[in-house]
Amino acid sequence: MQHGRVERRDAYFDNAKYLAIVLVAMGHAWEPLRDGSRSVTALYNLVYAFHMPAFIVISGYFSRGFDASPAKIRRLVTGIAVPYVVFETAYTLFTRWTDGVPDRPITVLDPLYLTWFLVALFIWRLTTPIWQKVRWPLPAALVVAMLATVSPSIGNDLDLQRVLQFLPYFVFGLCLRPEHFRLVRRWKVRVLAVPVFVCALAAAYWAVPRMTGAWFFHRDSAEELGAPAWYGPVMTLASFGCSMVLVACFLAWVPGRRLWFTALGAGTLYGYLLHGFVAQGSGFWGWYSPGWIHGPLGEITVTLVAAAVVTVLCTPPVRRIFRFVVEPTMEWAFRRDTRSPRPPETQKTPAEQGSHWCPRGDLNPHAR
C-alpha cells in the first residue's frame with residue numbers, strides 16, 4: 001500500500017462478518033425456544049454447526065500476518081486482553097443480578113458466556129508463528145483437538161477444552177489464501193450449496209431426537225458427554241468435515257459487493273460483546289413468558305428482533321460510545337516505539353483490520 005492512501009476494506013469479508021454475527025444473535029435468541037420445538041432445535045443445531053467455525057476460519061485468515069512484533073502484541077493486549085477483562089467483569093456483575101447468584105466470583109480464569117472466545121483468540125494468535133512453521137499444521141491441530149476430547153482432566157480454566165477443540169478451524173484459516181475464497185464464490189458452488197444446506201437441515205431435523213448437538217459446541221470431552229472415549233476423535237473429524245462443508249456453503253452465498261449492511265461489518269465485535277446482555281437479560285425480564293412467543297409467530301418475531309438488536313449494536317453511534325472499552329488505545333501503558341513508525345494514515349484499529357469481529361459465544365445455561 002502506498003503512503004498517503006487509506007486501504008479500502010474488503011466488502012466481502014465485512015458482509016461475511018455481519019451475516020455471521022446476525023446468525024450468532026439468532027442462535028442465542030432461539031435458545032429458550034428449543035424445548036418443545038423440534039424445528040427450532042434443528043435450526044439451532046444447524047447454525048451452531050457452522051457459524052462459530054466460520055468466525056474462527058476468517059479470524060485465522062486475518063491472523064496470518066501476526067509475527068509477535070511489539071506493535072502486534074500491543075494490538076493483542078488492547079484489542080483482546082483488555083476487552084476480555086472488562087466484559088468478563090461486566091458479565092459476572094450482570095448475571096449476579098439476572099441469575100440471582102449474588103456471590104458469583106469475578107475471575108479471569110473461568111470465562112463467562114461470550115468472553116471465552118476472546119481467551120481463545122488470544123491464545124490462538126499467540127501461537128500463530130508456531131503453526132506457520134509446522135510442516136503439516138492442520139493435521140497437527142486436528143490431533144491436538146482429538147486428544148482434548150479424550151482428556152476430561154483439562155478442566156475449565158481458560159475454557160481450554162474449547163480452545164483446543166476449535167483450534168483446527170483457526171489453523172485452517174491460517175492456511176487459506178485469497179484464491180481459496182474465490183473458489184467458493186463461483187456460481188457453481190453457490191448453486192450446489194442450496195441442496196447441501198437443504199440436506200443438512202433435513203439431517204439436523206432427523207437427528208434432534210436421536211443425538212445431542214453438544215458435539216458442535218466443542219466445550220466438553222467425550223466422557224463428559226456420556227460417550228465412550230473413542231467417540232471423541234471420531235466426532236472431532238466428523239464435525240470438522242461437516243462444519244467446513246457448511247462454512248464453504250455460507251461463504252459461497254456471501255455477496256461481494258457493497259450493500260447497506262457492509263459498513264456494519266467493521267463493528268461486529270461490538271455487536272458480539274454487547275448483545276449478550278440483551279440475550280441474558282431477556283429471560284430475567286420475562287420476554288419469553290407469553291405463550292404466543294413459543295408458537296410460529298413468536299419464533300419469527302424473536303428471530304427478527306435478534307437480528308435488529310445486533311444490527312443496531314454494530315452501528316457507528318454505538319461504536320463511538322463503547323470504543324473506550326472495546327478498542328482502547330491505552331497510549332499511557334506502552335512505550336513509544338520510534339523505530340520505523342508507520343505513517344498515521346496507514347495505522348488502523350483492530351476492528352478496522354477485521355481482526356476481532358469474531359464472535360459466537362454460548363449464551364446458554366451450560367456455558368459456564
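How many salt bridges does the count come to? Let's work up to that and a few other things, one exercise at a time.

This is a predicted model, so local features need pLDDT of at least 70 and side-chain atom pairs count only at pLDDT 80 or more, while totals for chains, interfaces and linings use all residues. Residues are numbered from 1 along each chain as its sequence is written, and side-chain values use heavy atoms, with hydrogens and water left out.

**Exercise 1. Count the salt bridges, then look at some of them.**

Step 1. Start with the rule: a salt bridge is a side-chain nitrogen of Lys or Arg within 4 Å of a carboxyl oxygen of Asp or Glu. By this rule the count comes to nine.

Step 2. Take Glu331 and Arg74, whose closest N and O atoms are 3.0 Å apart. Glu331 sits in the loop between α14 (316–326) and α15 (350–353) and Arg74 in helix α3, so this pair ties together parts that are 257 residues apart in sequence. Helices here are DSSP runs (H or I, at least four residues), and strands are too (E, at least two), numbered from the N terminus.

Step 3. Check how covered the two partners are. Buried means under 20% relative accessible area, exposed over 50%, and partly exposed in between (1.4 Å probe, protein chains only). Glu331 is exposed, at 53%, and Arg74 is partly exposed, at 24%.

Step 4. Now try Asp14 and Arg9, which meet at 2.6 Å, N to O. Asp14 is buried, with a relative accessible area of 3%, whereas Arg9 counts as partly exposed at 27%.

Step 5. Finish with Arg219 and Asp220, whose closest N and O atoms are 3.9 Å apart. Elsewhere, salt bridges that share partners join Arg9, Asp14 and Lys17 into one network.

**Exercise 2. Describe the chain as a whole.**

Step 1. Look at the secondary structure: the chain has 15 helices and zero strands.

Step 2. Ask how much is covered. Of the 368 residues in the chain, buried ones make up 50%.

Step 3. See how far apart in sequence the touching residues are. Contact means heavy atoms within 4.5 Å. Among contacts between residues at least 6 apart in sequence, 82% join residues at least 24 apart.

Step 4. Add the surface. Its accessible area, from the Shrake-Rupley method with a 1.4 Å probe (for residues, only the protein chains shown count as cover), comes to about 17,500 Å², and 65% of that belongs to carbon and sulfur atoms.

**Exercise 3. Find out which parts cover helix α4.**

Step 1. Locate α4 at residues 116–126; eight of its eleven residues are buried.

Step 2. Name some of the buried ones: they include Trp116, Phe117, Leu121 and Trp124.

Step 3. List the cover. It includes α2 (38–61), α3 (70–98), α5, α7 (160–165), α8 (167–175) and α12.

**Exercise 4. Compare the surroundings of Tyr61 and Thr128.**

Step 1. Place them: Tyr61 is in helix α2, and Thr128 is in helix α5 (residues 128–131).

Step 2. Check their cover. Tyr61 is buried at 6% relative accessible area, and Thr128 is buried at 0%.

Step 3. Look for partners, leaving aside neighbours within four places in sequence. Tyr61 is in contact with residues including Phe13, Leu174, Arg177 and Phe181. Thr128 touches Ser63, Phe66, Phe170 and Leu174.

Step 4. Zoom in on one pair. Tyr61 and Leu174 are 113 residues apart in sequence, yet 4.8 Å apart in space, C-alpha to C-alpha.

**Exercise 5. Locate a nonpolar patch on the surface.**

Step 1. Use the patch rule: residues with over 30% relative accessible area and no salt bridge, with like charges joined within 9 Å and nonpolar side chains (Val, Leu, Ile, Met, Phe, Trp, Tyr) within 5 Å.

Step 2. Pick out the members. Trp97, Phe284, Trp285 and Trp287 make a nonpolar patch of about 460 Å².

Step 3. Zoom in on Trp285. This residue is found in the loop between α12 (268–284) and α13 (296–313) and is partly exposed, at 39%.
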